[in-house]
Amino acid sequence: RQFDVETGDSQPLLEGADGLHRGMVTALACSRDGSRLASADLARFAGPNAFRFFLWDLERRQQVTQRTDRLPLSLAFSENGQTLLVGTSRTAEKSAVVQNWNTSDSGALEKRQPDVPVSSDVYACAISPDGNHLAYTSGAEVVVQPAAHPGDRHRLRAPISAPLRVA
């Protein structure tokens, strides 16, 4: 829902969007220019792609549902809104991953590169303003890597507990 902070009135963000999420919303991100919104929830479905996130194009008033095989816990847009980073949870069978999605065509999302496996749940992720680096949490570590070379990771260890935000 979209709220007017002065009047307290609200209206649906997009037609048919009310009640779309099932369970708790796990992540929310807005593009810098305010034209796109991404959200994820705890809904689980049968099959290999049991989880989902949504991409909302607020200018065109369209919404795309993207199914994925892991629960999205964190979302972050690039400066220009053309890339969405998705950090996921791990399961007993699968490691957590960081997914890098091309959002330039809000009608059809594509992965920019293969998933990057990580050791622990990814509660926070970010893309540098120039788009050249990705940062995310994995357990008690903050990982920074070049966007073009996911294997070249630099790890920063938190001295006490797991970081919950990166910027």
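Q: Where does R61 sit?
A: R61 is in the loop between strand 5 and strand 6. Keep in mind that this is a predicted model.

Q: And what's its phi like?
A: Phi of R61 is near 60 degrees, which is a positive value in a residue other than glycine.

Q: Is R61 buried, partly exposed or exposed?
A: R61 is partly exposed, with a relative accessible area of 48%.

Q: OK, so how do strand 5 and strand 6 pair?
A: They're antiparallel, and seven bridges link strand 5, residues 51–57, with strand 6. To pick out one position, R52 stands opposite R67 in strand 6.

Q: What's the strand order in the sheet with strands 3, 4, 5 and 6?
A: The order is 3-4-5-6, in an open sheet of four strands with antiparallel pairing.

Q: Which strands are at the edges there?
A: Strand 3 (25–30) and strand 6 (62–68). Each has a single partner strand, so one side of each is left without a neighbour in the sheet.

Q: How much are neighbouring strands of this sheet turned against each other?
A: By 15 degrees on average, ignoring direction.

Q: Switching topic: how many residues of strand 8 are buried?
A: Six of its six residues are buried; strand 8 covers residues 83–88. T83, L85 and G87 point one way, while L84, V86 and T88 point the other way.

Q: What does strand 8 pair with?
A: Strand 7 (residues 72–77) is joined to strand 8 by five bridges, running antiparallel. Strand 9 (residues 96–102) also pairs with strand 8 in the antiparallel sense, over five bridges.

Q: Which residues stand opposite each other?
A: On the strand 7 side, L75 stands opposite V86 in strand 8. On the strand 9 side, L84 has W101 as its bridge partner.

Q: What's in the hairpin of strand 7 and strand 8?
A: There are five residues between the strands, and G81 takes a positive phi near 75 degrees.

Q: Now N100. Which strand is that in?
A: N100 lies in strand 9.

Q: Buried or exposed?
A: N100 counts as buried, because its relative accessibility is 5% and the cut-off for buried is under 20%.

Q: What is N100 in contact with?
A: Leaving aside neighbours within four places in sequence, N100 is in contact with T83, L84 and L85. The list also includes E110, K111, R112 and Q113, plus L134.

Q: Back to sheets: what about strands 12, 13, 14 and 15?
A: Those four form an open sheet in the order 12-13-14-15, with antiparallel pairing. Strand 12 (125–127) and strand 15 (154–157) are at the edges, each with a single partner strand, so one side of each has no neighbour in the sheet. From one strand to the next, the twist averages 15 degrees.

Q: How many bridges are there between strand 14 and strand 15?
A: Four, with strand 14 (residues 141–146) antiparallel to strand 15. V142 stands opposite L156 in strand 15.

Q: Last topic: how many disulfides are there?
A: Zero, in a search of the whole structure.

Q: Why is C125 without a bond to C30?
A: The closest cysteine sulfur to that of C125 is in C30, 15 Å away, so they're too far apart for a bond. A disulfide is a covalent bond between the sulfur atoms of two cysteines.

Q: Are C30 and C125 buried or partly exposed?
A: C30 counts as partly exposed at 46% relative accessibility, whereas C125 counts as buried at 8%.

Methods
Residues are numbered from 1 along each chain as its sequence is written. This is a predicted model: local features need pLDDT of at least 70, side-chain atom pairs count only at pLDDT 80 or more; totals for chains, interfaces and linings use all residues. Side-chain values use heavy atoms; hydrogens and water are left out. Two strands pair if DSSP finds at least two bridges between them. Helices (H or I, at least four residues) and strands (E, at least two) are DSSP runs, numbered from the N terminus. Axes are lines fitted to C-alpha atoms, for helices over the stretch in contact, and angles run from 0 to 180 degrees between N-to-C directions. Buried means under 20% relative accessible area, exposed over 50%, partly exposed in between (1.4 Å probe, protein chains only). Contact means heavy atoms within 4.5 Å. A disulfide is a pair of cysteine sulfur atoms within 2.5 Å.
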